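Reader: I am new to this structure and would like a close look at one part of it. Please pick a single residue, start there, and work outwards to what lies around it.

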Amino acid sequence: MVIGAGAAGLMAAIHASAAGRRVLLLERTAEGGRKILISGGGRCNVLPSALQPGRFVSDSSANLLRRLLLAWPLEEQRSFFEQTVGIPLQLETETGKLFPASNRARDVRDGLVDLARQRGVELRSGAHVVDVTPDASRWRITLHDGESMVATSVIVATGGLSVPATGSDGMGFEIAKRTGHIVHDTYPALTPLTANPAVHAALAGISLDVTLEAPGSGRAGSASGGFLFTHRGYSGPAVLDLSHLAVRSREAGAARQQLRVRWTSLTEADWEKRLTERSPQAVLTVLREALPARLAEWLLADAAVEASRQLAQLRREDRRLLIERLVRYPLPWTGDEGYKKAEVTGGGIALDQIQPATLESRRHPGLFFCGEVLDAFGPIGGHNFAWAWATGRAAGLGTARR
């Protein structure tokens, strides 16, 4: 039995069935793969064009994480979707993401469901699993209505806690804990940040590419990419990729993680050169050449520099304050949107609790884990689907080795 018909669960069921196992796929919601349907704005970023294992986050062994992630090479994953599922993928060159040629996430979900059924998988929707317990050499699965059934192997692919509207309820973590596995503390990851008060609410809707840095001696990091001002705070890939550092600092009750924004590709030296020109140009005119107008005006006001002041009249101290805001702007976040809008769940089942080749539990033969319940997540851009596809396949094939 496979519990959860999301990305990892569908892949696990497909490969277990292809390896000769009789598979029952249990899905809590009326239809599976709901995160697939909403991903990429309804387009589904199936894969990245290149994997970046070093950007994955986990409190488990980095070597184990890398081994699991690379067990199914990216080119083989792409071939599977294009040749086996029958979904051509196209590269979006500006982002390095692979989308279905149709730009329809539903084609990805439906293609996987159809392939599973073609291979003999029985899909049962509305099946809310509440318990999984050992039963002699087998496993007993109990549903919310009291029905129980047994299986020789169980693959837990229930997802995490992110986007609960899709059916994620953290049941996989509970199953792992009840069966004696170590589960690292979970937290929302790849989630928008908020500010209270919303000091930048007037800039809502402005988007641009930035470089975001999280300085520190511990989990420091940086990210480049899209940044979006929202009515409540900040979003976009650059913010989402570093949001876990903010979330974890807040949940730990530690000093709030600093986040600093460089609004353009221009460095401190570049701006110093540009703003020291003996020119009659207004400072606002110069900033508008590199920034959205509203943001340029806001930064000038924040630095207490008159927008109409000419470059030739700009005092050294004013220039210093302005450049500081242009290249190291302190983002005044205070909170986050939590699991409601998180792309993934951070934390989860420690990777040393499973056999890396098969994803079978080291504690209980016949019990497998894959996907978001495991302690690992990657950056925005298809990396988390690559993790789901790779670990789902490994778990499905792992059952055939029993």
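Author: **Val305 and its surroundings**

Val305 has a relative accessibility of 5%, so this residue counts as buried, the limit being under 20%. The model is a predicted one. Val305 sits in the loop that links α10 and α11. Setting aside residues up to four places away in sequence, Val305 touches Leu300, Leu314 and Asp318. From Gly20, by contrast, Val305 is separated by 285 residues in sequence and by 71 Å in space, C-alpha to C-alpha.

Two of these contacts lead further. Leu300 belongs to helix α10, which runs over residues 293-302. In α10, the residues Leu295, Ala296, Leu299 and Leu300 are buried. These four span an arc of only 135 degrees around the axis, and therefore lie on the same side of α10. The general rule behind this is that an α-helix has 3.6 residues a turn, so residues three or four places apart point the same way. The cover over the buried residues of α10 includes β13, β14, α9 (283-288), α11 (316-327) and β17 (329-330). After α10 comes Ala304, with a positive phi near 60 degrees.

Leu314, another contact of Val305, is one of the members of a separate, second core of 42 residues, which also includes Ala223, Tyr234 and Leu245. In soluble globular proteins, nonpolar side chains tend to be buried together.

Leu245 leads on to helix α7, where it is among the buried residues. Helix α7 covers residues 237-251 and has 15 residues. From first C-alpha to last, α7 reaches 22 Å, close to the 21 Å expected. There is nevertheless a bend of about 40 degrees in α7, at Ser243. Most of α7 is covered, with twelve of its 15 residues buried. Among the buried ones are Asp241, His244 and Arg248, along with Leu240, Leu242 and Val247. Strands that cover the buried residues of α7 include β11 (183-189), β12 (193-194), β13 (207-214), β14 (221-229), β15 (233-235) and β18 (335-336). Of these, β13 and β14 also appear in the cover of α10. Gly253 follows α7 and has a positive phi, near 70 degrees.

The other core is the largest nonpolar one, with 77 residues. Phe81, Leu112, Ile141 and Trp389 touch the most other members there. Phe81, leaving out neighbours within four places in sequence, is in contact with Met11, Val46, Gly86, Ile87, Leu89, Val108, Leu112 and Trp389.

Leu89 falls in strand β4, residues 89-92. An open sheet of three strands runs in the order β3-β5-β4, with antiparallel pairing. Its edge strands are β3 (47-48) and β4, each of which pairs on one side only. Four bridges join β4 to β5, residues 97-100, and Leu91 stands opposite Leu98 in β5.

Ile141 lies within strand β8, residues 138-143, which is joined to β9 by four bridges in an antiparallel arrangement. Arg140 stands opposite Val150 in β9. The two strands make a hairpin with four residues between them, and Gly146 in the turn has a positive phi of about 95 degrees. One face of β9, made up of Met149 and Ala151, is covered, while the face with Ser148 and Val150 is uncovered. In a regular strand the side chains alternate between the two faces of the sheet.

Methods: Residues numbered from 1 in each chain as written. Predicted model: local features only at pLDDT ≥ 70, side-chain atom pairs only at ≥ 80, totals over all residues. Heavy atoms only, no water. Expected span 1.5 Å × (residues − 1). Bend = angle between axes of the 7 residues up to and from the residue. Buried < 20%, exposed > 50% of the residue type's maximum accessible area, 1.4 Å probe, protein only. Contact = heavy atoms within 4.5 Å. Arc of directions from axis to C-beta. Pairing = 2+ DSSP bridges. Core = buried A, V, L, I, M, F, W, Y, C linked by side-chain atoms within 4.5 Å.
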